[in-house]
Structure formats: C-alpha cells, structure tokens
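Biologist: Let's go through this model term by term. I will ask what earns each label.

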Amino acid sequence: MKVFFKTYGCQMNIRDSEIMEELLVRSGHEIVKDLKNADVAVINTCAVRAKSENKAYSLIGRLKKRGLKVGVTGCVSEIASKDLKSRGADFVLGTRALTSIVDAIEGKMDFDMSDHLSDLEKQLITFNTSQTRKSITTRTSKHHAWVNIIAGCDKFCTYCIVPYTRGREISRPMENVIKEVKALASSGYNQITFLGQNVDSYGKDLKDGTSLAELFRRVYNISGIERFWFLTSYPSDVTNELIEVVAERPRISRNFHLPAQSGSNAILKRMNRQYTREEYIDLIRRIRSKVKGATIGGDIIVGFSGETDEDFEQTLSLIKEVKYVRLNIAPYSPRRGTVASKLYPDDVPTAVKKKRMLALSTLQHAIMDEMNKKLVGKSVDIIVEGNSDGKSYGRTIDNRMVFFEGTIPEGESVTVKIVRATAGPIYGELIGKVLKVVE
Ligand code: SF4
C-alpha cells in the first residue's frame, strides 16, 4: 500500500512517525510524500494543545472525502478514540502500540489499539536498535538522527496530558542506545539528538547506573559523530554531573532547553512543577558558570489558572534574568483529562492572556535582538541543515540558525562569519573550507 504520513507535535512524534514508516517499508509498503498518490493516510497527532487536536479532526474529514483509508496515531488516539471513530477514522493506534502499524494498515486489527499491551512497549524500546542493523530508509534527515532514549513521563504537571497519553518513564538499555549510535555513525550520520519527554531522567528507572551523563561519556568518541544534542530537559533533573560532562565535551550542544513555564512560585506549585523560581535560577547560574558559551531555551505558559498581574510580573522578571535565546510562549488552555482541567478554573480572561502574551513576546524579541547582535563579527562553526535559492542554513552549537550565500550540501560542516543579526534570522558569510559543493 502507498501510505502518506501527516505528523503534528514534538520531536517525539516525528521520531514515532519515522519508526512507523520504517516498519511499513520493511513489510513491503511504500511511503509517499504526495497525498495524491496515497491509498492510506496516517495522522500522527498531538494532544498538548487544543489547536493541534482540532487540526487533526478537520484533516480526517478532508481525507475521508478523498476516499482514503485514514488511521490516527499519537496522543489524541489515547484520549479520544471514540471521537476519532465518529469522525471517520478507520483505525486508531495508541502511542505504545506503534509496532502494530503494519497490521493496522493491512486491516488485520480491530478499530482501536489505543488500549495497548505492555509487551508492545518493550518491542518499541528495542526497535530502535534492530532498525539500525538494516538499511535506514525513512529517517527525516540523512545526517541528523533522532534517537529515543526514554519514553513517557513521571512528572504529572497538572496542565499536561502527556503522562496519560505516553505512560510512565521507560528507559532504553544503554547498550542498545550505544549500538544504535554506532550504526548511525557508520551509515554517515554526523549529528545525534537524544530524545525524551524528560531526557535527563534517562536511566532512573533502570537503577543500574545508567544516566544521560554516562551515556555521553560512552558515545562521545564514536568516530564520525560531530555533534550531540539532547531534548527536553526537566529543570530539577539536570545534575551537576551532567553539567560537568557537557562542559568537558565541546561537541555536545551548548544549548540547554529548560522549560520554566512560569516565574512565579505560586503558579509553579499549582502547575506541580517540582522546582522553585530560585532553584531554576540557581540551575542557570550553575550551567553558565561551568559550560562556556551556554545558551538557554525555554517554554512559558501564559495565563495559567490563578495567574495574577504580580505572578506575571515574576515571569517577566525571570525572562529578563535568564535571557533565553529561544522561548516558546503559549497561552494556557485546559486540556480535558488533566488535573488542572478538573481542579482549577480557566479564570484568566482571554483579553488578559493576549495582553500578557504580547508583553512577553515584545520583551523576548528585544532580548533575542540583543543576544544575536553580540554574534556580529564572530566566526561560528555550523552544520548545514538545508539550502534553497542559492542560500544555505544551519545551526551553531548553541542552537542559533544562521543563513549564508552558497549552496552547501546538508550535513557539511562549515565556518561562517556573522555579518548581520536580527531578533530572528542571523546572516553570515562563508569563510571555512568545505569538502563538497552541490553540483
Ligand atoms: S514534565 Fe510536565 S509538561 Fe513535560 S511531559 Fe511531563 S507532565 Fe508534561
């Protein structure tokens, strides 16, 4: 069958789609990029925000009108399989039932596999390793690979549906991860991102000394891998050991993505975030004192239940203090099934949320402008991620996107001198030697 995938949401979802695509290809199916050529469409959904859930619902309707068989995977399938059926979905697979994708496509299973089986979780955990022994055909990038090291989340933030859709934390055995990284390196991959909802909780459940810090020690010298990234960190799980390991290894990303969500202790408590504002700031201080050139990324929720003007001021002051190089800002909206949706009223008026969003994004814009302009005149090493219209772009080790003239192949390492910077794009001139040039 010819199968088309539409993926919403985070990198975990992108990686899940890659895994499903690989399973289908191995079973003789074909992945198509153009919907016109498809027999089946799979929508891999995200339930974190109502907006992306609603997009998935409307897409089901449009796809059914084209006469396609439609399957739904991902987080929405965990919480709304009946709704999905009533809107026309032909099958539903939960986040821990991905390995049933072939049966689902071939019509060999009942409608709803969101009620997954625990042995399927184990299959998925080991899948990543066995996959790399065969040819890697369906990864999104040919040079940058996403590697799941831990699935699920034990944190239970009151606003979040993820612990219910993805289950409790399960870490992959470190030897499996190492084998996968070696296989990726020998297939030509030069960048690896270790992925997890809480990537720095990696290994806690294994109770055998496994940790993200130890994983970095073990994989750092695998020949061919030029850069390592890790995503997403939970602030109170970042250890001094991890900071030291990153500090001593310059090919590990200098960017820590540390969602704060709020700068107010009262709101953090209501969100069940397991750190205070002071502990968060202390963590940033420890990172910056050890890791030369470290940058910080973050996420903020605006207008969570009970957020007063004073609480919001605390968030603004946190942002001024931390100076994020990237910040995802989202207005709070209750998600059904979460603790917050049951216990706390959504009591910040929409107009107030909008006003606060604007104030926050204006502040962040000014900070990014200031931070990016500091790069002007400096030379940075980047790995090219793409090119078009005679230009190429890539990322610095501290996670800033740089654009420059010249069509350089993806995955190539180059040195670029920064000539102009805005709060958004940063522009440079190619000065480093490159090995290959696109014909
Ligand atoms: S840490 Fe909190 S926000 Fe992140 S996935 Fe877990 S419950 Fe959700």
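Modeller: Start with one pair: helix 8 and helix 9 are oblique to each other. The model is predicted: local features need pLDDT of at least 70, side-chain atom pairs count only at pLDDT 80 or more, and totals for chains, interfaces and linings use all residues. Residues are numbered from 1 along each chain as its sequence is written.

Biologist: Why are helix 8 and helix 9 called oblique?

Modeller: The axes of helix 8 (residues 174–186) and helix 9 (residues 212–219) cross at roughly 40° and come within 11 Å. Axes are lines fitted to C-alpha atoms, for helices over the stretch in contact, with angles from 0 to 180 degrees between N-to-C directions. Under 35 degrees counts as roughly parallel, over 145 as roughly antiparallel, 65 to 115 as roughly perpendicular, and the rest as oblique. Helix 8 and helix 9 are therefore oblique.

Biologist: What makes a run a helix or a strand?

Modeller: Both are DSSP runs, numbered from the N terminus: helices are H or I with at least four residues, strands E with at least two. The protein has 15 helices and 18 strands.

Biologist: Which residues make the contact of helix 8 with helix 9?

Modeller: Met174, Val177, Ile178 and Val181 in helix 8 meet Leu215, Arg218 and Val219 in helix 9. Contact requires C-beta atoms, placed from the backbone, within 7 Å. The contact residues divide into 6 nonpolar, no polar and 1 charged. Nonpolar covers Ala, Val, Leu, Ile, Met, Phe, Trp, Tyr, Cys and Pro; charged covers Asp, Glu, Lys and Arg; the others, Gly among them, are polar.

Biologist: What makes helix 10 and helix 12 roughly parallel?

Modeller: The axes of helix 10 and helix 12 (residues 277–290) cross at roughly 30° and come within 9 Å. That crossing angle makes the two helices roughly parallel. Asn240, Ile243, Glu244 and Ala247 of helix 10 make the contact with Arg286, Ile287 and Lys290 of helix 12. The classes here are 3 nonpolar, 1 polar and 3 charged.

Biologist: How do you know that the radius of gyration agrees with a compact globule?

Modeller: The radius is taken over C-alpha atoms, and the globule rule is 2.2 Å times the number of residues to the power 0.38. With 439 residues, the rule gives a value near 22 Å; the protein has 22 Å, so the two agree. The C-alpha atoms fill a box of roughly 60 × 55 × 50 Å along the principal axes.

Biologist: Where is the cis peptide bond?

Modeller: The cis bond joins Leu231 and Thr232, with omega about -10°. Thr232 lies in the loop between strand 10 (227–231) and helix 10 (240–247).

Conventions
Two residues are in contact if their C-beta atoms, placed from the backbone, lie within 7 Å.
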